[in-house]
Protein chains: 2
Amino acid sequence: MRRGGTRRDTRSDDNLGHTRPGRPVRQASLREHNLGLVLRHVATAPRPPSRADIAAATGLTRATVSALVDDLIGGRLLAEVGPAPRTGAGRPATGLVLAADGPAGLGLEVNVDYLAACVVDLTGAVRHRIVRRADQRPHAPGDVLAAVAELAAAIREAAAADRLAPAGAALAVPGLVTTDGLVRLAPNLGWRDVDVPRLLGSHPALADLPLTVDNEANLAALGELHAGSGLANFLYISGEIGIGAGIVLNGDLFRGARGWSGELGHVPVRPDGPTCRCGGRGCLEQYAGQERLLREAGIAADGLSPDAAVARLTDAARAGNPAALRALREAGAALGVTIAGVVNLLDVDTVVLGGVYAPLAPWLRPPLEAELAGRVLTNAWAPVTVRESVLGGDAAVVGAAGSVVRAIREHPARWLATAGR
Amino acid sequence: MRRGGTRRDTRSDDNLGHTRPGRPVRQASLREHNLGLVLRHVATAPRPPSRADIAAATGLTRATVSALVDDLIGGRLLAEVGPAPRTGAGRPATGLVLAADGPAGLGLEVNVDYLAACVVDLTGAVRHRIVRRADQRPHAPGDVLAAVAELAAAIREAAAADRLAPAGAALAVPGLVTTDGLVRLAPNLGWRDVDVPRLLGSHPALADLPLTVDNEANLAALGELHAGSGLANFLYISGEIGIGAGIVLNGDLFRGARGWSGELGHVPVRPDGPTCRCGGRGCLEQYAGQERLLREAGIAADGLSPDAAVARLTDAARAGNPAALRALREAGAALGVTIAGVVNLLDVDTVVLGGVYAPLAPWLRPPLEAELAGRVLTNAWAPVTVRESVLGGDAAVVGAAGSVVRAIREHPARWLATAGR
């Protein structure tokens, strides 16, 4: 029904209604602006505000607020809850909240050793989640995407039982993605020039939804950004079989000149180190990637899910197994060398360890921080904070689903227009 | 006369009159906006436009344009030139140009082995320039800054003979600078927590001017950006005794979370390489810094100016001297390894070689590009362009002076207000 939402709609965080200098604010864009203002006020208010509360907080008239709220309720973006507590004389007012059965976001993820799907409601809550562990490398991209579509069908059915209807879908991929959704390169999947919208968009489970495709670390970083971490500047590191990064600066995802930033796994650690799948040598992935880490620790991961393999590694580390401890120490040091270079270059003040690095953080952090202490110029007066991801291994798929609902929350007028209101 | 211009005035490129959503455009800010519009039109017009040309191009009334132009002429920002060629009937109109004797920018630079000063007029032309070659490391920061102030006095006297009066001064320093102008750390100068505004701002040659302090690579990158290179996304590399970088993205300098981005010289090339002045090990400076390069090439640089030493190196390379060629090959490869990591992380599409790397580019580029070809993920379909700086060794000091006149050109109303008009 609403095909063709451009990719920029959900990918861009930075054009939220800023007017150009000297351009008059048109009547239509004023309504757009005010719809967004009311919705944001409800979303961030400490308790469900009444129409009068919103009028007082925004400076809009009560009549304007009432008309806007009616539109937002009609578009299933807001819902009324029981009267707010009386604060004075008069009839107690009805409170307003984001609709928990309004439009939802469908998040999908292809990674090297799993597929995932989730549905997030307008409040950002994860309502449904499915993960299928299996090595995707033996399969053709079309087959992998068909399996993703099956996950999408299953989770949509479950969500429908909760009266949740996705308004759009976003797919996270561990690779370089163009703004058209073409996966130029995903070295660890062995994908090259895979036209995801063509292969996935025609599947019955997804044909009725606008679909966007983005790098998994970017989506995970956005998920982390909006999960209430309170951080505006950080390097999010996604540790999987590949290692990606999402760079958040001043509250915005930094995508690079052409949208292909964040390939942290292919920053050289030792120029003449082992050959990498990307064709380079001595890339960070060769020192701190999940497979290398498990192999060096002597963990036989074949046939194990990544969660189980990583759990075995944490068990071994906890038991003081020398090979496990050495592998973690070396991976942490390699991460530290690379991140020190990133901090000297980019001046981020926080590093968030995501993916498999989150559960391994107790062992990775000491050698990592030692490298930062010895190599970061600003460390003496402005040390870098290293912390674990809030969302953990779900960050990318939750970030993907969140990007759909965030686009609606940021541009409610667009949603109302496409929803035919 | 106009002390206390905040540092942000000239450092920030990104708040050029953008209105906040929903805020009405006030009458005063409308005039500000229109003054900027008229000035920009004159600055970028292919031939001196008349008042009528400006009215036609901007959509403002002729009366409004005339009033604005009168203000800009009164403030010495615009000047009239002979009548523009007749294009139709009627009296030929007077053309308008940026005033070549209007407010100017004073650029200053402290580097490890030289001091420099220059004066740039409102059109961006370099009108005066002084360089004093001498190793600054043996001197205390206060003495170095006193010598800079003497250069400033000398160049202001020369400029005054041309009726050029600096409206502000900007100092380029090879180190980490806070927004207050405090040099937190300049490893190659041995400076730590040097309060430049206090030490330099009270000198008679500078006491009457607003002073800003910034990192030299940042100012050089801004100089390159505004020198008409046409590039909106690039990594500018400043090769001196230290190696700095200015990162330009979407036409803006990218300063990092706290303003300390660009320390490319301290990105590790080999984690266990030689100890660096910063306390780290195996930093890029240890493989590609000017001193290392000359030493490896067997050039005795003592007593030579950097230009003369670098000229000796290019002579040796041209003559096929094996040590010189090997030193350049190794430096180029080390630069390539580091830049490959930067491109994989940040996705810049152009690298500009500045400082001593500009004259050495013929020898540095082949090994550098070989590393990029082997290590950059996007290289197959979107190769990185490596080119020499347009401004060469003057980029930082010219960029510093340019930052002063750019601030005036971007905010003419502010200039008119402070100039008492």
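**Exercise 1. Secondary structure and overall form of chain A**

Task: Determine how many helices and strands chain A of this predicted model has, and establish why chain A counts as compact.

Solution.
Step 1. The predicted model assigns 14 helices and 15 strands to chain A.
Step 2. The radius of gyration of chain A is 23 Å, and the globule rule gives 22 Å for 421 residues; the two values are close, so chain A is as compact as a globular protein of that length.
Step 3. The C-alpha trace of chain A extends over about 70 × 55 × 45 Å along its principal axes.
Step 4. Buried residues make up 52% of the 421 residues of chain A.
Step 5. Among the contacts in chain A with a separation of 6 or more, 66% join residues 24 or more positions apart.

**Exercise 2. The relation between the two chains**

Task: State which rotation superposes chain B on chain A, and identify the residue of chain B whose C-alpha is nearest the axis.

Solution.
Step 1. Chain B is superposed on chain A by a rotation of 180° with 0.0 Å of shift along the axis, at an RMSD of 0.0 Å.
Step 2. The two copies are therefore related as by a two-fold rotation axis.
Step 3. In chain B, the C-alpha nearest this axis belongs to B:Arg270, at 2.9 Å from it.

**Exercise 3. The interface**

Task: Describe the side of chain B that touches chain A by its residues, its elements and its classes.

Solution.
Step 1. Contacts between the chains involve 45 residues of chain B and 45 residues of chain A.
Step 2. On the side of chain B that touches chain A, two or more residues come from each of β8 (182-186), β12 (243-249), α11 (322-346) and α12 (357-375) of chain B.
Step 3. The element that gives the most to this side is α11(B), with seven residues.
Step 4. Sorted by class, the side of chain B that touches chain A holds 22 nonpolar, 16 polar and seven charged residues.
Step 5. Of the interface residues of chain B, 100% are also interface residues in chain A, so the copies meet through the same surface.

**Exercise 4. A residue of helix α11 in chain A**

Task: Place A:Leu345 in its helix, decide whether A:Leu345 is buried or exposed, and list residues of chain B that A:Leu345 touches.

Solution.
Step 1. Helix α11 (residues 322-346) of chain A contains A:Leu345.
Step 2. Within 10 Å, A:Leu345 has 25 other C-beta atoms; the threshold for a buried residue is 20 or more, and A:Leu345 is therefore buried.
Step 3. Leaving out residues up to four places away in sequence, A:Leu345 touches B:Ala245, B:Ser261, B:Gly262, B:Glu263, B:Leu264, B:Val267 and B:Val342.
Step 4. Within chain A, the C-alpha atoms of A:Leu345 and A:Arg375 are 12 Å apart, with their positions 30 residues apart along the chain.

**Exercise 5. The nonpolar core and helix α13**

Task: Name the residues that touch the most other members of the largest nonpolar core, and find where helix α13 bends.

Solution.
Step 1. The largest nonpolar core has 272 residues, of which A:Leu108, A:Ala152, A:Leu171, B:Leu108, B:Ala152 and B:Leu171 touch the most other members.
Step 2. Residues up to four places away in sequence aside, A:Leu171 touches A:Leu108, A:Val110, A:Val196, A:Leu200, A:Leu211, A:Val213 and A:Ala400.
Step 3. Helix α13 of chain A comprises residues 395-410 and bends by about 25° at A:Ser403. In chain B, helix α13 has a kink of about 25° centred on B:Ser403.
Step 4. Of the 16 residues of α13(A), 15 are buried; for α13(B), 15 of 16 residues are buried.

**Exercise 6. Two residues with positive phi**

Task: Locate A:Arg163 and B:Asp347, and decide for each whether it is buried or exposed.

Solution.
Step 1. Most residues other than glycine have a negative phi. A:Arg163 has a positive phi near 60°, and B:Asp347 has a positive phi of about 60°.
Step 2. A:Arg163 lies in the loop between α5 (141-161) and β6 (165-173) of chain A, whereas B:Asp347 lies in the loop between α11 and β14 (350-355) of chain B.
Step 3. A:Arg163 has 11 other C-beta atoms within 10 Å and is therefore exposed.
Step 4. B:Asp347 has 25 other C-beta atoms within 10 Å and is therefore buried.

Key. Residues are numbered from 1 along each chain as its sequence is written. Chains are lettered from A and ligands numbered from 1 in the order in which they are written. This is a predicted model: local features need pLDDT of at least 70, side-chain atom pairs count only at pLDDT 80 or more; totals for chains, interfaces and linings use all residues. Two residues are in contact if their C-beta atoms, placed from the backbone, lie within 7 Å. Helices (H or I, at least four residues) and strands (E, at least two) are DSSP runs, numbered from the N terminus. Ala, Val, Leu, Ile, Met, Phe, Trp, Tyr, Cys and Pro count as nonpolar, Asp, Glu, Lys and Arg as charged, and the others, Gly among them, as polar. Copies are superposed by least squares on the C-alpha atoms of residues with pLDDT of at least 70 in both. The bend at a residue is the angle between axes fitted to the seven residues ending there and the seven starting there. A residue is buried if 20 or more other C-beta atoms lie within 10 Å of its own, exposed if 12 or fewer, and partly exposed in between; C-beta atoms are placed from the backbone. A nonpolar core is a set of buried Ala, Val, Leu, Ile, Met, Phe, Trp, Tyr and Cys residues joined through C-beta atoms within 7 Å. The radius of gyration is taken over C-alpha atoms; the globule rule is 2.2 Å times the number of residues to the power 0.38.
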